[in-house]
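Please open the model in your viewer and keep the sequence panel beside it. The tour begins with the whole chain and then moves to a single residue.

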Amino acid sequence: MKLVIKNLKKSFGKKEVLKDINFTFEKGKIYGLLGRNGAGKTTFFNCLNEDIEIDEGEFYLLDHQEKKKIEAEDIGYVLSTPNVPEFLTGREFLTFFIDIHKKRIKNLKTPDEYFDFMKIEKEDRDRLLKDYSHGMKNKMQMLVHIIAQPEVLLLDEPLTSFDVIVAEEMKQMLKEIKKDHILIFSTNIMELALDLCDEIVILNKGILREMPKGNLKEKQFKEAIMEALKEE
């Protein structure tokens with residue numbers, strides 16, 4: 001499965017945020033999306049999630065040369081600021097989510113099995129979500145998207161709210177599930193992208209391009225990324 005993007009453009013007034021995006025993302029890899037503040041990473045995600053309308057171009061899934069229109073269930077979008085129903089407990093939220101999506105969930109598990117997978121402690125499962133920390137809410141948001149098993153998983157700086165131990169757990173979890181998804185991971189932390197991601201793509205001046213590592217050593221690769229981000 002591939003996510004194909006062709007000639008995608010998006011402007012706000014006279015400001016061209018996405019000038020001409022052409023790229024193909026493949027299942028089984030984690031793509032690190034790097035860009036300076038204001039480069040348009042969130043706009044790019046919002047276009048793919050169809051939260052905002054694109055000006056030109058198209059994007060679609062390609063499965064063994066068969067072109068497939070992207071449906072809502074094909075995209076999972078984990079926001080940097082988690083959005084969860086705070087009046088429910090963790091278990092109530094998870095049970096409700098499973099109940100309304102159970103017809104399309106593969107290898108359905110019990111709520112506690114999902115909690116175990118995400119390493120959410122037993123004493124936290126029946127607490128109200130409003131009493132969860134920012135990181136715990138982010139865990140719940142990520143968990144429901146993983147359960148839904150979308151073809152494309154957009155991750156907008158999802159690890160910034162986690163402590164060192166939990167962030168490492170989440171990195172290992174993403175590596176485990178990447179075979180089942182097209183994973184695009186937006187971050188401002190280059191070291192995190194290099195540690196976690198299989199491919200690095202740069203969004204700069206409205207253009208998206210891959211940073212091939214080739215035979216470059218880590219220091220040289222970092223320098224090449226920095227130069228790409230600075231280019232006017």
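The stops below go from the overall fold to one site and its surroundings.

Start with the entire protein chain in cartoon view, bearing in mind that this is a predicted model, and you will find 7 helices and 10 strands to step through. The radius of gyration is 18 Å, close to the 17 Å that the globule rule gives for 232 residues, so the chain is as compact as a globular protein of that length. If you turn the C-alpha trace along its principal axes, it spans about 50 × 40 × 35 Å.

Next, switch on the surface, where the protein chain exposes about 12,300 Å², with carbon and sulfur atoms supplying 48% of that area. Beneath it, buried residues make up 47% of the 232 residues. Colouring by charge brings up 38 positive and 43 negative charges, whose mean positions are 2 Å apart.

Now select residues 111-117, which form helix H3, and 134-148, which form helix H4, and look in the loop between them for Met 118. Is Met 118 buried or exposed? With a relative accessibility of 0%, Met 118 counts as buried, because the cut-off for that class is under 20%.

Keep Met 118 selected and display the residues that it touches, leaving aside those up to four places away in sequence: Lys 139, Met 142, Leu 143, Ile 146, Met 170 and Met 173.

Finally, add Met 226 to the selection and draw a C-alpha to C-alpha distance from Met 118, which comes to 34 Å in space for a pair 108 residues apart in sequence.

Technical notes. Residues numbered from 1 in each chain as written. Predicted model: local features only at pLDDT ≥ 70, side-chain atom pairs only at ≥ 80, totals over all residues. Heavy atoms only, no water. Helix = DSSP H or I, 4+ residues; strand = E, 2+ residues; numbered from the N terminus. Rg over C-alpha atoms; globule rule 2.2 N^0.38 Å. Buried < 20%, exposed > 50% of the residue type's maximum accessible area, 1.4 Å probe, protein only. Areas by Shrake-Rupley, 256 points an atom, 1.4 Å probe, with all protein chains shown as cover. Lys, Arg positive; Asp, Glu negative; His and termini not counted. Charge placed at Lys NZ, Arg CZ, Asp CG, Glu CD. Contact = heavy atoms within 4.5 Å.
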